[in-house]
Amino acid sequence: MTYDFSITGVLKEGFRRTEGVKLTFVGSIIIYALIALFVKSLVEFIFPNSESLANAYASSTVEMLFTLPILIGIMLLGVKRAREEELSIPSIFDYFGMIIPIMLAYIAMTLILTIGFVLLIIPGIYLAVSYAFVYTLIVDKGLGVWEAMELSRKTVTEQWFKFFGLSLLSGIIIIISALPLGIGLIWTIPMTYISYGLLYHRLFDE
């Protein structure tokens, strides 16, 4: 496919669509952070020797088992906002039923990205950006793991530098917004999720 988009245009539209849903995103992220903190503490108790590579991967995988479906639920809030659907905080727990393909995707991407960063930094960066939509394609479209990885990679590659720029710029905006007591995050974090939701909606729905 051939498409194009404006980085600033997407972010502006994402910011505009935060109106009326900021508390839903903030509440969801607070719940995610609390659960992630609890799970991390529990995992560190179970795997106290995190210095070994095997334990590090094992503890990380266990953490993702309980937190990744919730994070994907927050990603889907951005997609739902792009579709003008109703948002709710409880919906972030809807994706534990797809834990097997989610974890298979996590393991596959972790291995591929690790190899990419170890061998050469550039392939790792390329794939990290290109896999932006893998999880949403799996839970929203019901695609298989490899199919979702390849569709996301091929689609993002069409405008890879713009996706890289979007990731970089939104990251900078989030860091700057966090400086004054983190108040700006109330706007910038929902803006980022919604911006990616807008692109997902345009590329895979329309």
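Which residue forms a salt bridge with K141? In this predicted model, the partner is D140, and the closest N and O atoms of the pair are 3.9 Å apart. That separation falls within the 4 Å allowed for a salt bridge. D140 is partly exposed, with a relative accessible area of 25%, and K141 is likewise described as partly exposed, its value being 35%.

The pair D140 and K141 belongs to a wider set, for the structure holds 9 salt bridges. Another of them brings together the side chains of K162 and D4, with a distance of 2.7 Å from N to O. Here K162 lies in helix α8 while D4 lies in the segment before α1, which covers residues 7-16, so this salt bridge ties together parts of the chain that are 158 residues apart in sequence. Both ends of the bridge can be reached in part from outside: K162 counts as partly exposed at 27% relative accessibility, and D4 is partly exposed with a relative accessible area of 41%.

A salt bridge within a single helix is found in α7, residues 145-157, where R153 and E150 both lie, 3 residues apart, or about one turn of the helix. The closest N and O atoms of R153 and E150 are 2.9 Å apart. An α-helix has 3.6 residues a turn, so residues three or four places apart point the same way. E150 counts as buried, because its relative accessibility of 17% is under the 20% that sets the limit for buried residues. Elsewhere, salt bridges that share partners join E13, R16, R17 and E84 into one network.

From these charged pairs we can turn to the packing of the helices, beginning with α8 and α9. Helix α8 covers residues 160-178 and helix α9 covers residues 185-205, and their axes come within 8 Å and cross at roughly 165°. Since angles over 145 degrees count as roughly antiparallel, α8 and α9 are therefore roughly antiparallel to each other. The crossing in which α8 passes α9 is left-handed. On the side of α8 the contact is made by F163, L166, S167, S170, I173, I174, S177 and A178, and on the side of α9 by L185, T188, M191, T192, Y196, L199 and L203. Sorted by character, the residues of this contact between α8 and α9 comprise 10 nonpolar and 5 polar ones, with no charged residue.

One residue of α8 deserves a separate look. S177, whose place is in helix α8, is buried, with a relative accessible area of 9%. When its neighbours within four places in sequence are left aside, S177 is in contact with G182, I183, G184, L185 and T188. Two of these residues, L185 and T188, are also named on the α9 side of the contact between the helices.

How do α2 and α9 meet, and at what angle do their axes cross? The axes of α2 and α9 come within 9 Å and cross at roughly 95°, which makes α2 roughly perpendicular to α9. K22, F25, V26 and I29 of α2 make this contact together with I186, W187, I189, P190, Y193 and I194 of α9. The residues involved in the contact of α2 with α9 divide into 9 nonpolar, no polar and 1 charged.

Further along α2, which covers residues 22-46, L37 is found. L37 is exposed, with a relative accessible area of 54%. The C-alpha atom of L37 is separated by 9.6 Å from that of E63, although the two residues are 26 residues apart along the chain.

Helix α7, already met through R153 and E150, also packs against α4. The axes of α4 and α7 come within 9 Å and cross at roughly 55°, which makes α4 oblique to α7, and α4 passes α7 in a right-handed crossing. The contact is made by P101, L104, A105, A108, M109 and I112 of α4 and by V145, W146 and M149 of α7. Its residues divide into 9 nonpolar, no polar and no charged.

Finally, helix α5, residues 121-130, has G124, L127, V129 and S130 as its buried residues. What covers these buried residues of α5 includes α4, which runs over residues 99-119, together with α7 and α8.

Conventions. Residues are numbered from 1 along each chain as its sequence is written. This is a predicted model: local features need pLDDT of at least 70, side-chain atom pairs count only at pLDDT 80 or more; totals for chains, interfaces and linings use all residues. Side-chain values use heavy atoms; hydrogens and water are left out. Axes are lines fitted to C-alpha atoms, for helices over the stretch in contact, and angles run from 0 to 180 degrees between N-to-C directions. Helices (H or I, at least four residues) and strands (E, at least two) are DSSP runs, numbered from the N terminus. Angles under 35 degrees count as roughly parallel, over 145 as roughly antiparallel, 65 to 115 as roughly perpendicular and the rest as oblique. A crossing is left-handed if the near helix is turned anticlockwise from the far one by less than a right angle, and right-handed if clockwise. Contact means heavy atoms within 4.5 Å. Ala, Val, Leu, Ile, Met, Phe, Trp, Tyr, Cys and Pro count as nonpolar, Asp, Glu, Lys and Arg as charged, and the others, Gly among them, as polar. Buried means under 20% relative accessible area, exposed over 50%, partly exposed in between (1.4 Å probe, protein chains only).
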